[in-house]
Amino acid sequence: MAQRRLLEHEQVPIVVHYPDQRAGQPIDSAIKQPSNIIYHAQLNGLSADNIYAPFASKLDWEMARWANLRGSSSTAFSELVSIEGLSEKIGLSFKNTRELNKIIDNELPGRPKFKRDQIVVANEVFDVYYRDIIECIKALFGDPNFADVLVFAPERHYADEDETIRLYHEMHTGKWWWNSQKHLDRERPGATIIPVIISSDKTQVTMFHNKTAYPVYMTIGNIPKDICRKPSRQAHVLLAYLPTTRLEHVTNKAARRRMLANLYHACVGRVLAPLAAAGINGINMQSGDGIMCRGHPLFACLAGDYPEQVLATAVKTTQCPKCDVPSNELGLATGVANWQPRDLGAVLDALCTLDQGGLAFVHACADAGIKPIVHPFWEGLPYVNIFESITPDILHQLYQGLVKHLLAWLSDACGSTEIDARCRCLPQNHHIRLFTKGITTLSHVSGTEHNQICRFLLGIIIDISLPNNMSSARLLRAVRGLLDFLYFSQYPCHSSETLVLLDEALNLFHDNKDIFIDLGIRNSFNLPKLHFTAHYVHMIRMYGTTDNYNTEYTERLHIDLAKDAYHSTNHKNEFGQMTTWLERREKIFRHEKYIQWRLIENTARPHHQPRPPEMTFRRTQTMTKHPTIKAVTLDKVTNEYGATHFNECLAHYVAKATLPVNTAVTARQLEDRAADIHIPFQRLPVFHKVKWLLDNVRGDGDPPVTVDSVHARPGRSGKFTSDSVAPRFDTVFVNDGTGGSLGIKGYRIAQVRIIFSIPPKAIPKLFPSTFQPPKHLAYVEWFSPFRVPDRDHGLHKVSRVIKNGERMASIIPISNIHCSAHLIPHFSSVAPREWTSANVLDECSSFYVNTYLDRYSFATLR
């Protein structure tokens, strides 16, 4: 019911605006001067007729863009354009990379430049490369591509008119923004809060030489999360490269850790220092459309993995960075563990004892529960509680943390051989990756791979044998609870009701986790990453859903802004070269936006209306223009595609479709009518795939994305084994005409054997002129209706419908196919070794419908 209400109200929430209407409003003296006009003026009065200036022509610009963003090495490009007569023939304004870089450096405006500064810690000097954070914030806030989507003031969203079911999605719908606005209004009413989101993580930039970079990224909470998650939109800024020294010359490990922590805080403090005054006093901030606001940039949250969280908060490893829970109670459920949020006031008081001497400072910090860090970077920032600012980390805490642990526990409990055997014979599906060698022997498993494993993990352990014939009920409930928590935590929109479901899922795991202790696999569950899950509900209420501060976004940025940047250098004094390379790329991106604006400057764009993101996909079913095979004989339809009763089913479809309107007939009468129908063709066009494209409801110009597909094709053999393709006939959800957007009522599972069209010449012979049959039809074999889900694992069980020893089949319009379905075989205690991914749908008689296939399946089937 909670999920149904969430879906029904996701498009039209009840919005309660912040009571002081001055919040987020433009200042009176604002003069509209859009960013693109300012950029045009910065181009030093270049010709207004040439929109590509300072490049001579469109070709000149395209070549420069390719060389900077996609081209090979600078030496190779110089050799290319220096070929005699080439640059003159195509009209290039540069003859080598050096001349191109000179144009970019001197004639194109860009984002703030990097500067190198030196930080002294323990009498040692370290280099830090960073930008002016205020100028970076202005660049993001003033980006013309974000002008129509920026959010300026907090709001409360509700799913009902009584305002009892609150919705949380974008950051401005959380409590932090609302509370911070109230604090600012006491001193400076009319403020526009700019939430600063920082993410840092050390990453390796080489495969073998252990060379690392330590980038710090920044974005602002005013930009919607569906833009921030796309690297192509450049909603994140590389703010700094921190020193990567390991201080290996310091032999004392404790002293080394202390120096590294102080170095981190000294560097980050230097980068974030301008926020102290700007956050309180505010600064004039202009959006891309020229609207001037009094912006107050406030440090909102820090996204990072557990080592980063411990480093930033100055707590000890194995402790929670948010609360004072004892290390030996990390594995307890929320209602059992005894903990309180960390006391920021006590911590700040302890930091003030630095002037009393080293020993007094160390003792005071220990009493406050932190390490003795000299001036942590957050000490002087306004309205900041660093312990509150640490956000959930789906990637490292769940996928690379708890899921990784869970796989090891299940391998010990169920046996790696049996788990791998079950993985090898799962049916194919658009959303499922087949691990043909199993999952227990994988090494260096990525977060993406853990995500893919979670989609079928629960289904493959149903009925599996445990040591000493122990019941698997608690094991199934524990795994189900953890997977439910994982999926709930990634909802793009939460309500106060679904947050209760999130807590219930976590409690289900805690109530049954002792099965791993009884099996002798664990002694305790004192894992910081497990304990942190108790803070998820509170953090979603404070900062919005977890995709507002997802570390997966910045992991992707490592490729563009750290690894690629490093590979562009000669690997000597690389950070100076990396920052120059990045500045040039950003200038090219900015000039590209300017050119696009010049080309469509008279085209009005619709204004963005913030709304809760959708729990379901708005998608469009699409087919290829031409069939995969133009003419397949009816013999092949029967023998190769497995459509055994194709002729009978088509005759039945024609008989039913040609009945006069409002005519009621018995099943026997329909059979007699079908028996008189002759199929007037021997060949028909066949399609091997139907797919669904995501509708671009935001209108942001992104290309369509395939979100689902269904395949129905026979196998083929090649000269070599690797050239052979196994047959694939996917299963689907079929709408009987009464199905809705949520829930299983009105849906049945079926297997698609063939997708086809009736030959045009045969249509007049089969149908009256008043009836036009659907262009695409599908022959499907039916599974049983949904049953009540199992109380332990929660999955629905289905089996093939057999009548008189034959599979029940029908022909339906493909428009009745709602989406793909994934069936997990009922393995019993041991999976038959003759089952394969290609034959399991034919060999197995009963299946479980996979709830964890994707977000839509989880919301629908759970």
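I began at strand β12 of this predicted model, where I looked up the partner of Cys293 and found Met285 standing opposite. The strands concerned are β11 (residues 283-286) and β12, which run antiparallel and are joined by four bridges. I then followed the chain through the turn: β11 and β12 form a hairpin with five residues between them, and Gly290 in that turn has a positive phi of about 95 degrees.

Next I checked another partner of β12, namely strand β6 (residues 192-200), which runs parallel to β12 and is joined to it by eight bridges. Here I noted Pro195 opposite Leu298 in β12. I also looked up how well β12 (residues 292-303) is covered, and 12 of its 12 residues are buried.

I turned to the aromatic rings and searched the whole structure, which gave 35 aromatic pairs. For Tyr241 and Phe575 I noted ring centres 5.3 Å apart and planes at 50 degrees, so I entered the pair as tilted, given that planes under 30 degrees apart would count as stacked and over 60 as edge-to-face. Tyr241 lies in strand β10 (residues 237-241) and Phe575 in helix α26 (residues 574-599), so that the pair, 334 residues apart, links distant parts of the chain. I looked up the accessibility of Tyr241 and Phe575 as well, and both are buried. Elsewhere I traced a cluster in which ring pairs link Tyr487, Phe488, Tyr491, Tyr852 and Phe858.

Last, I looked for charges over rings, and noted the charged end of Arg156 over the ring of Trp178, 4.0 Å from its centre. I entered Lys593 too, whose charged end sits over the ring of Phe146 at 5.7 Å from its centre.

Methods. Residues are numbered from 1 along each chain as its sequence is written. This is a predicted model: local features need pLDDT of at least 70, side-chain atom pairs count only at pLDDT 80 or more; totals for chains, interfaces and linings use all residues. Side-chain values use heavy atoms; hydrogens and water are left out. Rings of Phe, Tyr and Trp (its six-membered ring) pair if their centres lie within 6.5 Å; planes under 30 degrees apart count as stacked, over 60 as edge-to-face and the rest as tilted. Helices (H or I, at least four residues) and strands (E, at least two) are DSSP runs, numbered from the N terminus. Buried means under 20% relative accessible area, exposed over 50%, partly exposed in between (1.4 Å probe, protein chains only). A charge sits over a ring if NZ of Lys or CZ of Arg is within 6 Å of the ring centre and within 35 degrees of the ring normal. Two strands pair if DSSP finds at least two bridges between them.
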